[in-house]
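Visitor: I would like a close look at a single part of this model, followed outward into whatever surrounds it. Please take your time over the contacts and the local geometry.

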Amino acid sequence: MSTINIQSMLKPEAPSRTFISDHRLSSAANVCTSDSLHNSRGRRKCLRKQNVSTVKSMRIAQPNHGTKFDSPNGPLTPDKLDSPFDLHSSDYSQGQSPSTSSVTRKTKIVCTIGPSTSSREMIWKLAETGMNVARLNMSHGDHASHQKTIDLVKEYNAQFEDKVVAIMLDTKGPEVRSGDVPKPILLKEGQEFSFTIKRGVSTENTVSVNYDDFVNDVEAGDIVLVDGGMMSLAVKSKTRDTVNCEVVDGGELKSRRHLNVRGKSATLPSITDKDWEDIKFGVDNEIDFYAVSFVKDAQVVHELKKYLRSCNADIHVIVKIESADSIPNLPSIISACDGAMVARGDLGAELPIEEVPLLQEDIIRRCRSVQKPVIVATNMLESMIDHPTPTRAEVSDIAIAVKEGADAVMLSGETAHGKFPLKAVKVMHTVALRTESSLPVTAIPAGEFNAFKSRMGEMFAFHATTMANTLATPMIVFTRTGSMAIHLSHYRPSSIIFAFTNEPRVKQRLILYHGLMPIYMEFSDDAEETFSRALKLLVSKNLIKEGEYVTLVQSGAQPIWRRESSHHIQVRKVQG
Ligand SMILES: Nc1ncnc2c1ncn2[C@@H]1O[C@H](COP(=O)(O)OP(=O)(O)OP(=O)(O)O)[C@@H](O)[C@H]1O
Ligand SMILES: CC(=O)C(=O)O
């Protein structure tokens, strides 16, 4: 076992900017020297000599850009990858579950549950294929149908200590929609067409809209988008109750279609009366996350959090960035929330579509810098709603989100009402896994060094990550609040992080974070006994092997065995 203890960590030498060069991590005993650790033969010898070894001084290498180097656990590049080329469409038609180990995938998968996937069988298969979070879209379905899904997910979760699917309730928000039409209205380019706030109108040149301020919000010259841009109309004039347009891009206007005005957000409150009812439904069911639609400022997040505190509900708030008005307020919104979703559908309707990739990158960067999870959503495998294979552009889209460091990627219609929901999850899994395997071992983002000096948990997470990366070991952390696991996830170690917690809600929540595999376990007062049980459990589940080395982190805001020891990072060999 190699141990770095806190007393020796309090006076680190000044680190360099982007990597530690010849950074000395000293501890009480001197068993392995810097040279022996850096030299692969020496390192093996040293680690073989005794399973318990203490790191005296260690050179931590520059970020490894693709070069394999030896470690006690073998090559650093992941070796357990599924082949990206082993997809056979016949294996993944609806109802068949491929056996996919999602253990080594770090980017999480959110699946929207809908008619294609709401059965018990499909929830099970989605979970086994790689779903980490089940999303309930409150724009569709009713409480009875969503209740059924929640119960099924909870039934699944109750069977496993090392598997979990979190539940995310996505609010409908202040959506503006056209009214019901008995049959689709054909819109032709150049034709005049009007939206009226009068109820129940459906003629070949006018349809109702469900939002009275629509006439006040739009001006001549605005562009109205239907279904996120499938059709578009230019506003020409308006009266007290009607907006007159000319069709720019035509199509078939069906019932209750989503309307956006390019560059403008509706002046409706972000949380509507229906949303409050749905939020209460979420509280009653102890769901894990709200995805709040059309957040425009931090105020709405504060309001929701205040309500949740008043109900004593421990539910995290993910803001959906999809409203034009949210963009100038991104810093305060991200500071107020618990995580964010890049909701590219509405974002690309309210803002010019060419802004979407840039905003995606910016939102991911902002969330990562404050250790909050970020989800990239919409159209990721859109063609798989109808087809068994994705387009190459869709595959690249997933790869880009993974490279940008998103915690999660999301499927919408693909799993809600698509023909190939399991295959879509499998494709997402495989593409994410393959992309992750190509990423260089993390360089710590510039600017991080100043932050961790004053924060013990972050400092430990940083050094533990550097050690685990250097030695190519999985990480194991024990956490009550989740905070240390989140710090570790932030540094994006090259291996998976097994996060043991004795809090079921923390287990549920951690599944959204990059690289974390949360596992429920009771903690005893005896740290050694708890470590030993944790290692046995991982071995019994084939998650680690006997003889393998693991990096064990014992730290965080509330160290669990405070009386027994100080903060520790240990490297130890898994014993039989
Ligand atoms: N619970 C549900 N019940 C029935 N259909 C659903 C449900 N959830 C999703 N769907 C269907 O899956 C489609 C895609 O889901 P998604 O979550 O992307 O909806 P959306 O973005 O709100 O789309 P839309 O604007 O069409 O409502 C929806 O348009 C709907 O047809
Ligand atoms: C997910 C969602 O709501 C959007 O992309 O608009």
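Guide: Let us begin with strand β14, residues 289–292, in what should be kept in mind throughout is a predicted model. From this strand Phe-289 and Ala-291 point one way, while Tyr-290 and Val-292 point the other way, and all of them are buried. In a regular strand the side chains alternate between the two faces of the sheet.

The strand has partners that can be traced residue by residue. Strand β4, residues 166–170, runs parallel to β14 and is joined to it by three bridges, with Met-168 standing opposite Phe-289. Strand β15, residues 316–321, also pairs with β14 in the parallel sense, here over four bridges, and in this pairing Ala-291 stands opposite Ile-318.

The approach to β14 along the chain deserves a look as well. Glu-286 lies in the loop between α7 (273–284) and β14, and its phi is near 45°, a positive value in a residue other than glycine. With a relative accessible area of 52%, Glu-286 is exposed, because the cut-off for that class is over 50%.

From β14 the view leads on to Met-341, a residue of strand β16 (residues 339–343). Leaving aside residues up to four places away in sequence, Met-341 touches Ala-291 of the strand we started from, and its other contacts include Met-168, Ile-318, Val-319, Lys-320 and Ile-321. Asp-170, Ile-375, Ala-377 and Met-410 are also among the residues that Met-341 touches. Its relative accessibility is 1%, so Met-341 counts as buried. As a gauge of distance, the C-alpha atoms of Met-341 and Ile-398 are separated by 15 Å, the two residues being 57 places apart along the chain.

A polar side chain can be examined in a similar way at Gln-360, which lies in helix α11 (residues 356–369). Gln-360 counts as buried, at 3% relative accessibility, and its side chain takes part in a polar contact of 3.0 Å with the side chain of Arg-344 and in another, of 2.9 Å, with the side chain of Glu-404. Both of these partners appear again among the residues that Gln-360 touches, together with Val-342, Val-376, Ile-400 and Ala-401, when residues up to four places away in sequence are not counted.

For the wider setting, the UniProt annotation "domain: Pyruvate kinase barrel", from an unreviewed entry, covers residues 105–425. Over that span the chain is 32% helix and 24% strand, and the end C-alpha atoms are 12 Å apart.

A separate piece of strand architecture is an open sheet of seven strands, in the order β5-β13-β9-β10-β11-β7-β8, with mixed pairing. Its edges are β5 (176–177) and β8 (206–208), each of which has a single partner strand, so that one side of each is left without a neighbour in the sheet. At the β8 end, strand β7 (residues 192–196) pairs with β8 in the parallel sense over three bridges, and Thr-196 has Ser-208 in β8 as its bridge partner.

For comparison with these strands, one may turn to a helix further along the chain. UniProt places the feature "domain: Pyruvate kinase C-terminal", again from an unreviewed entry, at residues 462–554, a span that is 42% helix and 22% strand and whose end C-alpha atoms lie 13 Å apart. Helix α19, residues 527–540, has 14 residues and reaches 20 Å from its first C-alpha to its last, close to the 20 Å expected at 1.5 Å a residue. Ala-527, Thr-530, Phe-531, Ala-534, Leu-535, Leu-537 and Leu-538 are buried in α19, and, seen down the helix axis, the buried residues fall within an arc of 160°, so they line one face of the helix. What covers them includes β19 (475–478), β20 (497–501), β21 (516–520), β22 (549–554) and β23 (568–573), whereas the face turned away from the buried side carries the exposed residues Lys-536 and Ser-540.

The ends of α19 also have local features. At the N-terminal end Asp-526 acts as a cap, with a side-chain oxygen 3.0 Å from the backbone nitrogen of Glu-528, and just after the helix Asn-542 takes a positive phi of about 65°. A positive phi is found too at Ala-472, where the value is near 55°; Ala-472 sits in the loop between α16 (456–471) and β19 and, at 10% relative accessibility, counts as buried.

Methods:
Residues numbered from 1 in each chain as written. Chains lettered and ligands numbered in written order. Predicted model: local features only at pLDDT ≥ 70, side-chain atom pairs only at ≥ 80, totals over all residues. Heavy atoms only, no water. Helix = DSSP H or I, 4+ residues; strand = E, 2+ residues; numbered from the N terminus. Expected span 1.5 Å × (residues − 1). Buried < 20%, exposed > 50% of the residue type's maximum accessible area, 1.4 Å probe, protein only. Arc of directions from axis to C-beta. Contact = heavy atoms within 4.5 Å. Polar contact = N/O pair within 3.5 Å; in protein donor to acceptor, adjacent residues only side chain to side chain. Pairing = 2+ DSSP bridges. UniProt positions renumbered as here; feature names shortened; annotations may be inferred.
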